[in-house]
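Welcome to my notebook. I sat down with a structure that was new to me and jotted down what I looked up, one entry at a time.

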Amino acid sequence: MSMESEFRMRFGGFWNSLILLFVIIVCLRFSSLEFADENLTKRIFCALHLFLGCIATGVLLGILKIFLAFSNQTYTRAPASANFARGLKYGIVAGGLMILIVGVLQLNNFLGVFQPIFNGLLAKLTAIFV
């Protein structure tokens, strides 16, 4: 497959678009709560910077996935375009998840109305390990 068709396959469709939209919403929410007293342009630039950081994480993970695929046998490894597209997708999702975790742990009311539910689940989870 070509690189373009790999990207269409990995990032097209309803669920993949929903995941990317979720990452963008998390970046916007984090920047709007972090810079609440700043103007709108500062908040949008921060959200854009966070999302570009997620894309950079995806590019790094995609390149790493290509290098790690060379250790497989020739007949079992996917082409480089498939490895890069999959690594890019996982990197963007991992970057968004990291921003979500940091936002939940550091910012008050990051999840809005779902914050008490999350705090209760987190309290029960930590009570298991204590």
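**Entry 1: a first residue**

Is N16 buried or exposed? I looked it up in this predicted model, and N16 is buried because its relative accessible area is 16%, below the 20% cut-off. I found N16 in helix α2. Next I listed its contacts, skipping residues up to four places away in sequence, and got M9, R10, F11 and K89. I noted K89 for a later entry, since I wanted to see the contact from the other side.

**Entry 2: the whole chain**

I then stepped back to see where this residue sits. I counted five helices and zero strands in the chain. Reading along the sequence, I wrote the pattern down as α-α-α-α-α.

How does the radius of gyration of the chain stand beside that of a compact globule of 130 residues? I noted 18 Å for the chain, where such a globule would have a value near 14 Å. For the C-alpha trace I took down spans of about 50 × 45 × 25 Å along the principal axes.

I looked at burial too: 27% of the 130 residues in the chain are buried. The chain exposes about 8,900 Å², and carbon and sulfur atoms supply 71% of that area. For contacts, I took pairs of residues at least 6 apart in sequence and found that 63% of them join residues at least 24 apart. I also tallied charges: the chain has 10 positive and 5 negative side chains, with the centres of the two sets 12 Å apart.

**Entry 3: helix α3**

Which residues of α3 are buried? My list reads C46, A47, L50, F51, C54, G58, G62 and A69. I followed these buried residues outwards and saw that they pack against α2 (14-34) and α4 (80-106).

I checked the length of helix α3 as well. It covers residues 40-69, which makes 30 residues. From its first C-alpha to its last it reaches 43 Å, close to the 44 Å expected at 1.5 Å a residue.

A56 also lies in helix α3, but I did not find it on the buried list. A56 counts as partly exposed because its relative accessibility is 44%, and partly exposed means between 20% and 50%. I took one distance from here: A56 and V23 are 33 residues apart along the chain, and their C-alpha atoms are separated by 14 Å.

**Entry 4: helix α4**

Where does L88 lie? I found L88 in helix α4. L88 counts as buried because its relative accessible area is 10%. Leaving aside neighbours within four places in sequence, I wrote down its contacts as F7, F11, I55, G58, V59 and G62. Two of those names were familiar to me: G58 and G62 are among the buried residues of α3. I also compared L88 with L18, and these two are 70 residues apart in sequence and 16 Å apart in space, C-alpha to C-alpha.

Then I returned to K89, which lies in helix α4 too. Its contacts, again without neighbours within four places in sequence, are R10, F11 and N16. That took me back to my starting point, as N16 lists K89 among its own contacts. K89 and F11 are 78 residues apart in sequence, yet their C-alpha atoms are 7.4 Å apart in space.

**Entry 5: between α4 and α5**

What is the phi of N109? I read a positive value of about 60 degrees, although N109 is not a glycine. I wrote a reminder beside it: most residues other than glycine have a negative phi. N109 is found in the loop between α4 and α5. I looked up its burial as well, and N109 counts as partly exposed because its relative accessibility is 42%.

My last stop was Q115, in helix α5 (residues 115-129). Why does Q115 count as buried? Its relative accessibility is 8%, which is under the 20% cut-off. Setting aside neighbours within four places in sequence, I found Q115 in contact with V104, N109 and F110. So my loop residue turned up once more, as N109 is one of the contacts of Q115.

Key: Residues are numbered from 1 along each chain as its sequence is written. This is a predicted model: local features need pLDDT of at least 70, side-chain atom pairs count only at pLDDT 80 or more; totals for chains, interfaces and linings use all residues. Side-chain values use heavy atoms; hydrogens and water are left out. Helices (H or I, at least four residues) and strands (E, at least two) are DSSP runs, numbered from the N terminus. The radius of gyration is taken over C-alpha atoms; the globule rule is 2.2 Å times the number of residues to the power 0.38. Buried means under 20% relative accessible area, exposed over 50%, partly exposed in between (1.4 Å probe, protein chains only). Contact means heavy atoms within 4.5 Å. Accessible areas come from the Shrake-Rupley method with a 1.4 Å probe; for residues, only the protein chains shown count as cover. Lys and Arg count as positive and Asp and Glu as negative; His and the chain ends are not counted. The place of a charge is taken as NZ of Lys, CZ of Arg, CG of Asp or CD of Glu. The expected span of a helix is 1.5 Å times one less than its number of residues.
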